[in-house]
Amino acid sequence: MSGEPILLPALPVPKPTSPRLSVRIEYLDCQTLPEYREYRLAAYGPDGPVESRFRIALAAFDAGWVRIQDGPDVCYQKLLRSVTAGETASPDVVVIDDVELAGYRTAHTPAPKHRSWTPSSTPSPAASATAKPPYVAHMPPRPRSAEPLVAPPPPTNHAHRGLGEGQRVSHSVFGVGVTAGTSGGRTTICFDQDGAKTFVTSMLELEVLSAPHMWETTPRGKNRPRA
């Protein structure tokens, strides 16, 4: 044997791992106060649980800024962001403002799908002359009978003065929809994009686009003119 040294391959050095944040968040309960809905959550960390309380104004639910079923998740996401950022959970009451509610709605609203269409050929002048005009969703359909059309009422923002079932309306936030009925100071509207929502009638501002009973909502939630 020769006296030369034997070189062994170098072993890989393990990379240091950063400590993981060991915190578990649990939803406890909620209660309705005169002006708020209050939610209780607990953050379980190495030092034990810390209870936090969050409040969302009842007016935000009535105005449709947030759904009742989304209230716990709004508070959960708020607490999760604080814990992830390294902040210590606080037992003080935290009020969720309109800016945070708008951000939650934007993050959880799916983007509308846009379909692109390219005509295969240029239509002839004769075809263009006989082509039907595009259907406008907010225009009432022409009745089949020979009776004259009844002009829809002029647009108004005072919806609490009287809304009937089956009216085509437009909301500044949720777009166009069809009224499903007004009862007990509440008005339900089935919107084309956001589905059914219930509002306080005295606080509701709408643009009325048709007379009552001109539109209907199918069992699948699709709005269409009545035949």
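## The four-stranded sheet

In this predicted model, four strands form an open sheet, in which they are arranged in the order β1-β2-β3-β4 and the pairing is mixed. The two edges of the sheet are taken by β1, covering residues 24–32, and by β4, covering residues 93–95, and each of these strands pairs on one side only. From one strand to the next, the twist averages 25 degrees.

## How β3 pairs with its neighbours

Strand β2 spans residues 36–45 and is joined to β3 by 10 bridges, with the two strands running antiparallel. The connection between β2 and β3 is a hairpin, which passes through two residues. Within this pairing, Ala43 has Val50 of β3 as its bridge partner.

Strand β3, which spans residues 48–57, also pairs with β4, here in the parallel sense and over three bridges. In this pairing, Arg53 stands opposite Val93, a residue of β4.

## The two sides of helix α3

Which residues of helix α3 are buried? In this helix, made up of residues 98–107, the buried residues are Leu101, Tyr104 and Arg105. When α3 is viewed down its axis, these buried residues fall within an arc of 100 degrees, and therefore they line one face of the helix. On the other side of α3, by contrast, Val99, Thr106 and Ala107 are exposed.

The buried residues of α3 pack against three elements, namely strand β3, helix α1 (58–62) and helix α2 (71–84). At the start of α3, a side-chain oxygen of Asp97 comes to within 3.4 Å of the backbone nitrogen of Val99, and Val99 is among the residues exposed on the other side of the helix.

## Where α2 meets α3

The axes of helices α2 and α3 come within 11 Å of each other, and they cross at roughly 100 degrees. Because angles from 65 to 115 degrees count as roughly perpendicular, α2 is described as roughly perpendicular to α3.

On the α2 side, the contact is made by Asp73, Val74, Gln77, Lys78 and Arg81, while α3 contributes Glu100, Leu101 and Tyr104. Leu101 and Tyr104 thus appear in this contact and also belong to the buried residues of α3, which pack against β3 and α1 as well as against α2.

Note on methods:
Residues are numbered from 1 along each chain as its sequence is written. This is a predicted model: local features need pLDDT of at least 70, side-chain atom pairs count only at pLDDT 80 or more; totals for chains, interfaces and linings use all residues. Side-chain values use heavy atoms; hydrogens and water are left out. Two strands pair if DSSP finds at least two bridges between them. Axes are lines fitted to C-alpha atoms, for helices over the stretch in contact, and angles run from 0 to 180 degrees between N-to-C directions. Buried means under 20% relative accessible area, exposed over 50%, partly exposed in between (1.4 Å probe, protein chains only). The arc is that of the directions from the helix axis to the C-beta atoms. Contact means heavy atoms within 4.5 Å. A polar contact is a pair of N or O atoms within 3.5 Å; within protein, one must be able to donate a hydrogen and the other to accept it, and residues adjacent in sequence count only if both atoms are side-chain atoms. Angles under 35 degrees count as roughly parallel, over 145 as roughly antiparallel, 65 to 115 as roughly perpendicular and the rest as oblique.
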